[in-house]
Amino acid sequence: MTDVVLNGVGKVYPGDHRAVDDVHLHIRDGELFVLLGPSGCGKSTILRMIAGLEEVTSGELWLNGGVANGLSPRERNVAMVFQEGALYPHLTVGGNMMFPLEVAGGDRAESRERVAELSRALGIHSMIDRRPGTLSGGQRQRAAIGRALIREPSLFLMDEPLSSLDAGLRTELRLEITGLVRSTGTTTVYVTHDQVEAMTMADRIAVLRDGVLEDVGTPEQIYQDPATVFVAAFLSSPPINLLQATAWAVQDRGVVLDFGSARLTVPWDDARSSALISHHGAPVLVGIRPDALVPVTGGAEERTITGRVRVLEFHGQDWLAYAEAGIPTVDAGSVGTRPRARPARPASGGLAGRLREMIGRPAGGQEPPREEHAGHHRRSDLVFRAGARRPERGQEVRLEVDLERMMIFGMDGRRITAVRR
Ligand SMILES: Nc1ncnc2c1ncn2[C@@H]1O[C@H](COP(=O)(O)OP(=O)(O)OP(=O)(O)O)[C@@H](O)[C@H]1O
Ligand SMILES: [Mg+2]
């Protein structure tokens, strides 16, 4: 039985650098729990505090029903896998997997049987007599996972174990890790910055930003019902449309979200409308995922936005279209209580300035990675899935907004009327 509880846990590194701030989490026995967030948000720091490799600065860490702040890594009985699985180069795969059992002084025949069984499950049985230096990255990582799992630890910690592998191998190993961890029932904390990995593997996900916990829930909960605009944007591919509007309560209609060139109405029979009344006359942020924008002919005025298609992209299963609708969009990274430092924009004018006007972002290429995949699209483009009714480039489109799936946030980045809370 291994529950992990973080009770207001904080970490301040020397130099007064606060890496983790007052995090409360309850990771339940047997859960596959994912810590997700962008680079530098404190994921590894939390994992290392759980492992006992990093001291907890404030708050309490509970393991197995007791405060563990002062316990050594050995006393915690955890196994950890890092990005580059560390193996002993002079030992074979089998020797590496055997090593923790030998240290523990187990029965040799039994240990050998266990190594054989686990190496088969990991698909590396045929390599059991080879040394790490002769293996591919994926095979080495499997061996490292095998070595960590062999001991049947009470807690399994993984820090981006797949991030150095290519996409195909990552998907394959992701499935195997999930299957293996579930079959052993070992509580697992898995760190990644990859939203797909998090969504596909996790029982529950915690999303971190700048050391602060933004949201916790099942993949469905945090995708469909995110607590903050940052979470909505982080778990959105293609990226969510984030638009600024002013909310107006109108007696006979509901709350009108005024985008300037377009208006959407949240009718009074929609539960969100009453919470929006307190925002009357104030700016709000509206999040619309690309699949909640459907091209229509006709469509009611209070549910549609009109735009002109600028760019079409083929994505295999469907087409993505980018339309100019004259509505300024917002960068999720700049919203919230802890705004990130933005790079200074290069001086306007000259080629850099003209390029910037064309592509709508600084030509210096210093923007956060989140925006990079939309490189040739203007920041004000609305993205939607064009589906079977693919419009032409330059065509005017009417986009019906699925109001049920539209998300509304305050300017502090917090959701107005999240369903779960
Ligand atoms: N030993 C250290 N001393 C000082 N600061 C540190 C130390 N380790 C990490 N940090 C800082 O703490 C913050 C969180 O780091 P951490 O390694 O936990 O992030 P992360 O979410 O794992 O990022 P990544 O995805 O890049 O691995 C960062 O700002 C980092 O620079
Ligand atoms: Mg890390």
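This section describes the ligand shell, one buried arginine and the aromatic pairs of a predicted model.

The shell around ligand 1 consists of Y13, H17, A19, P38, S39, G40, C41, G42, K43, S44, T45 and E160. Classified by residue type, this shell contains four nonpolar, six polar and two charged residues. Two secondary-structure elements, β2 (17-27) and α1 (43-51), each provide at least two of the shell residues. The largest share, three residues, is contributed by α1.

Polar contacts to ligand 1 involve side chains of several shell residues, among them S39, T45 and E160. An N or O atom in the side chain of S39 lies 2.5 Å from an oxygen atom of ligand 1. For T45, a side-chain N or O atom is likewise placed 2.5 Å from an oxygen atom of the ligand. In the case of E160, the separation between an N or O atom of the side chain and an oxygen atom of ligand 1 is 3.4 Å. Taken on its own, ligand 1 has 640 Å² of accessible area, of which the protein covers 59%.

Residue R204 is located in strand β9, which spans residues 204-209. With a relative accessible area of 12%, R204 is classed as buried because this value falls under the 20% cut-off. A polar atom of the R204 side chain is found 2.6 Å from the backbone oxygen of H26. H26 also appears among the residues that R204 touches beyond four places in sequence; these comprise H26, I27, R28, E31, L32, F33, V34, V216, G217 and T218.

Three aromatic pairs are present in the structure. One of them, formed by F230 and F234, is stacked, with a centre-to-centre distance of 5.8 Å and an angle of 20 degrees between the planes. Both residues belong to helix α9 (residues 229-234), and because they are four residues apart there, about one helical turn separates F230 from F234. F230 and F234 are both buried.

A further pair, F314 and W319, is tilted, the ring centres being 5.1 Å apart and the planes inclined at 45 degrees. The two members of this pair are assigned to separate accessibility classes. F314 has a relative accessible area of 55% and is therefore exposed, the threshold for that class being over 50%. W319, by contrast, counts as partly exposed because its relative accessibility of 24% lies between the 20% and 50% limits.

Conventions. Residues are numbered from 1 along each chain as its sequence is written. Chains are lettered from A and ligands numbered from 1 in the order in which they are written. This is a predicted model: local features need pLDDT of at least 70, side-chain atom pairs count only at pLDDT 80 or more; totals for chains, interfaces and linings use all residues. Side-chain values use heavy atoms; hydrogens and water are left out. A residue is near a molecule or strand if one of its heavy atoms lies within 4 Å of it. A polar contact is a pair of N or O atoms within 3.5 Å; within protein, one must be able to donate a hydrogen and the other to accept it, and residues adjacent in sequence count only if both atoms are side-chain atoms. Accessible areas come from the Shrake-Rupley method with a 1.4 Å probe; for residues, only the protein chains shown count as cover. Ala, Val, Leu, Ile, Met, Phe, Trp, Tyr, Cys and Pro count as nonpolar, Asp, Glu, Lys and Arg as charged, and the others, Gly among them, as polar. Buried means under 20% relative accessible area, exposed over 50%, partly exposed in between (1.4 Å probe, protein chains only). Contact means heavy atoms within 4.5 Å. Rings of Phe, Tyr and Trp (its six-membered ring) pair if their centres lie within 6.5 Å; planes under 30 degrees apart count as stacked, over 60 as edge-to-face and the rest as tilted.
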